[in-house]
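Visitor: Could you take me through the enclosed empty spaces in this one? I'd like a close look at what lines them.

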Amino acid sequence: MIEDWGQAAGDTWSSLVAYAPGFLSASWLALQISILVILLSWACGLAAALGKISPYRFIRWPFQFYVWFVRGTPTLIQIFIVYFGLPQVGVRMSPFVAGVIALGVNSGAYVAEIVRGGLLAIPKGQTESSLALGMSYWQLMSRIILPQVVRIILPPITNEATTTLKNTSLLSTITVVELTLHAQIVIARTFRPFDFYIVAAVLYLIMTTLLTHLSARLERHYARRQ
Amino acid sequence: MTEAPPHRESSGPGDPTRSPGPLLELVGLHKTFDQTEVLRGISLAVMPGEVVAIIGASGSGKSTLLRCVNLLERPTGGEIIFAGRPVDYAVHGLFARQHRRLRELRSQIGMVFQSYNLWPHKTVIENVVEAPIRVRGLPRRTAIERAEDLLATIGLEEKRDEYPARLSGGQQQRVAIVRALAMEPKLMLFDEVTSALDPELVGEVLELMERLAKDGMTMLVVTHEIAFARDVSTRAIYIDQGVIAEEGRASEVLTAPRNERTRQFLGRVLHARHAPAARPSRA
């Protein structure tokens with residue numbers, strides 16, 4: 001009995017080592033996807049946040065719809081719409097590209113709300129003093145408002161980035177061989193779901209922890225400078 | 001021998017120093033917020049070098065008047081003429097040309113606010129050079145040199161690399177004034193700039209403003225500091241319910257007002273100034 005256990009543990013260990021390179025490169029892919037998705041979500045989120053506070057209704061309205069739609073529907077459905085749905089109307093993409101776009105647009109809606117909250121937290125006097133000096137809208141935003149917003153929203157934006165990283169596992173459903181699908185493939189071969197799902201979980205955990213640490217360092221950096 | 005042209009005094013309007021028309025002229029200015037008429041026809045001409053004190057109860061429209069001059073608020077009627085040119089405030093929107101002219105106007109009119117509004121993520125020197133570099137396009141080095149000179153005049157040159165949060169209110173407000181001056185404005189607007197300060201810090205800010213006035217800066221000053229208005233300004237205006245209720249030499253309006261409401265207002269303000277320290281905090 002005890003020997004069986006020892007043997008199983010030994011097997012686990014040797015198979016873990018054997019499968020390590022595959023898991024590492026799958027993690028790397030998940031990380032790459034995450035980075036692209038996060039960058040896309042910032043672009044979408046910033047545009048939507050600025051759009052949603054525009055004084056012009058025809059600018060505001062489409063962005064309001066975007067945020068409302070994305071936040072009100074499941075992420076998985078959105079991924080399916082982009083990957084399975086769009087080809088029906090002639091838009092074909094690789095699973096990788098479809099996945100990045102779907103997740104980026106999805107996360108962008110949440111980022112939009114975070115950025116909007118940050119924008120509203122900046123006192124009106126900051127805008128007024130900048131405009132009174134003759135600054136343009138873009139100078140005001142890029143030099144005065146957004147640098148202050150970034151400091152405020154760093155914690156929630158990190159939170160959203162971690163969510164994004166974990167959400168990349170949903171792309172396993174559209175054949176992107178990232179960490180989750182890689183684990184499933186290995187499990188199908190070895191019949192050891194416990195071991196390899198734990199391995200996958202630990203790898204996700206390492207990546208999210210690194211992300212959180214990075215953000216904490218940034219926060220300290222900004223705190224020193226004011 | 002003598003090169004001086006004989007008819008210099010009557011030279012055309014292109015020479016502002018020789019034909020001193022008003023620097024700022026307001027004609028029948030109106031401002032309505034929703035249903036409320038805040039300004040109900042304000043007309044005012046400010047000559048170069050004048051220091052005009054604007055007094056009045058809170059809600060009388062004096063701050064709105066100031067904010068209409070640089071179009072932080074858009075007037076709903078009337079005319080604004082700045083440096084001889086009518087200001088076109090009616091068109092508004094995404095039109096770049098309009099925006100450029102608006103920014104040009106604002107870059108010539110400095111404004112100082114009650115709450116200082118320094119940028120907290122920039123150091124003192126960065127606060128001062130930002131607009132000269134970005135808006136006026138000055139080379140960085142020139143802007144920094146000028147900013148350092150300006151900071152030296154207010155004795156804050158050692159604070160150049162501090163963040164605003166590390167300064168006292170009085171220091172912050174003086175930096176805010178210097179930040180506006182760095183644009184070399186033709187007109188300065190002061191919107192209750194000492195109202196948020198601890199009493200012992202008011203003096204240093206008023207002193208700086210007095211120095212500016214003596215140097216010939218044209219100033220519009222909304223204030224509750226009656227003594228300052230009386231001693232420094234050339235003219236005082238009392239605004240009541242959106243109109244100019246009384247106007248004249250500062251010494252007359254503020255010491256011997258003809259208007260009953262001006263008298264009552266001054267009575268209240270002066271009384272409040274001399275009231276015991278334990279008064280309820282401002283709403």
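Guide: Sure, let's start with the walls of the second largest cavity: by class, its lining has six nonpolar, two polar and one charged residues. Bear in mind that this is a predicted model. The residues around that space are Val193(B), Thr194(B), Leu206(B), Met209(B), Val221(B), Val222(B), Thr223(B), Glu225(B) and Phe228(B). Helix H6 (199–214) and strand S8 (218–222) of chain B are the elements that give two or more residues to this lining. As for volume, the second largest cavity holds about 30 Å³ of space.

Now step back a little. Searching the whole structure turns up two cavities of 30 Å³ or more, and the largest cavity has about 60 Å³ of space. Its lining draws on both chains: Ser129(A), Ala132(A) and Leu133(A) come from chain A, while chain B supplies Met111(B), Val112(B), Phe113(B), Tyr116(B), Ala176(B), Arg179(B) and Ala180(B). Two or more lining residues each come from helix H5 (124–132) of chain A, and from strand S6 (109–112) and helix H5 (169–181) of chain B. H5(B) makes the largest contribution to this lining, with three residues. Sort the lining of the largest cavity by class and you get eight nonpolar, one polar and one charged. Here the charged one is Arg179(B), whereas in the second largest cavity that part falls to Glu225(B).

Key. Residues are numbered from 1 along each chain as its sequence is written. Chains are lettered from A and ligands numbered from 1 in the order in which they are written. This is a predicted model: local features need pLDDT of at least 70, side-chain atom pairs count only at pLDDT 80 or more; totals for chains, interfaces and linings use all residues. Side-chain values use heavy atoms; hydrogens and water are left out. On a 1 Å grid over the protein atoms alone, a cavity is a set of points where a 1.4 Å probe fits but cannot get out, and a pocket is an open set with protein on both sides within 12 Å along at least five of seven lines; lining residues have an atom within 4 Å of a point. Grid points are joined across faces, edges and corners, and a volume is the space filled by probe spheres set on the points. Helices (H or I, at least four residues) and strands (E, at least two) are DSSP runs, numbered from the N terminus.
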